[in-house]
Amino acid sequence: MCLIAFIGLAAPRFALFLMWVFTNRLTVAFDSFVLGALGFALLPFTTMFYALAYQPGPGVGGFGYVLVGLGLLFDLGSYGNGGQQGQKYRNDR
């Protein structure tokens with residue numbers, strides 16, 4: 001599981017795919033396929049950290065919320081950075 005977390009820092013969608021193939025973390029953490037698929041498409045870091053922090057029974061708690069918040073910040077940062085790079089590309093042409 002630790003290896004998947006390290007892969008997730010560079011490629012969160014690939015890490016989610018590996019979690020889906022080799023573990024049952026995503027089926028345990030998400031009630032429906034739709035939530036996991038939306039998370040995969042829109043918020044991959046948040047989805048990955050939520051699945052890693054989720055525990056059957058109590059769910060996410062304590063430090064898990066910090067991880068999920070960190071994942072959200074990573075997702076927002078990647079969207080913001082992508083917009084800046086696109087703007088820079090348009091100005092350079």
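In this predicted model, helix α4 gives the largest share of the lining of the largest pocket, with 4 residues. Helix α4 spans residues 33-42. Two further helices, α2 (12-22) and α3 (25-29), also supply at least two residues each to this lining. The space in the pocket comes to about 300 Å³.

The lining can be listed in full. Leu16, Phe17 and Trp20 belong to it, as do Leu26, Thr27 and Phe30. Ser32, Phe33, Gly36, Ala37, Phe40 and Thr47 are the other lining residues. By class, 8 of the lining residues are nonpolar and 4 are polar. Charged residues are absent from the lining.

Helix α4 also takes part in a feature of the surface. Val34, Leu38, Leu42, Leu43, Leu72, Leu76 and Tyr79 make a nonpolar surface patch of about 630 Å². Two or more residues of the patch come from α4, and two or more from α6 (63-92). Tyr79 is a patch residue and sits in helix α6. Tyr79 counts as partly exposed because its relative accessibility, 45%, falls between the 20% limit for buried and the 50% limit for exposed.

Gly39 offers a contrasting case within α4. Its relative accessibility is 9%. This value is under 20%, so Gly39 counts as buried. Gly39 and Arg13 stand 26 residues apart along the chain. Their C-alpha atoms are separated by 9.6 Å.

Helix α5 covers residues 44-53 and is mostly covered. Of its 10 residues, 8 are buried. Pro44, Phe45, Thr46, Thr47, Met48 and Phe49 are among them. Ala51 and Ala53 are buried as well. Thr47 thus has two roles in this description: it is one of the buried residues of α5, and it lines the largest pocket.

The chain as a whole is helical in its assigned elements, with 6 helices and 0 strands. From the N terminus on, the order is α-α-α-α-α-α. The chain has 93 residues, and buried residues make up 29% of them.

Terms used. Residues are numbered from 1 along each chain as its sequence is written. This is a predicted model: local features need pLDDT of at least 70, side-chain atom pairs count only at pLDDT 80 or more; totals for chains, interfaces and linings use all residues. Side-chain values use heavy atoms; hydrogens and water are left out. On a 1 Å grid over the protein atoms alone, a cavity is a set of points where a 1.4 Å probe fits but cannot get out, and a pocket is an open set with protein on both sides within 12 Å along at least five of seven lines; lining residues have an atom within 4 Å of a point. Grid points are joined across faces, edges and corners, and a volume is the space filled by probe spheres set on the points. Ala, Val, Leu, Ile, Met, Phe, Trp, Tyr, Cys and Pro count as nonpolar, Asp, Glu, Lys and Arg as charged, and the others, Gly among them, as polar. Patches are made of residues with over 30% relative accessible area and no salt bridge: like charges are joined within 9 Å, nonpolar side chains (Val, Leu, Ile, Met, Phe, Trp, Tyr) within 5 Å. Accessible areas come from the Shrake-Rupley method with a 1.4 Å probe; for residues, only the protein chains shown count as cover. A salt bridge is a side-chain nitrogen of Lys or Arg within 4 Å of a carboxyl oxygen of Asp or Glu. Buried means under 20% relative accessible area, exposed over 50%, partly exposed in between (1.4 Å probe, protein chains only).
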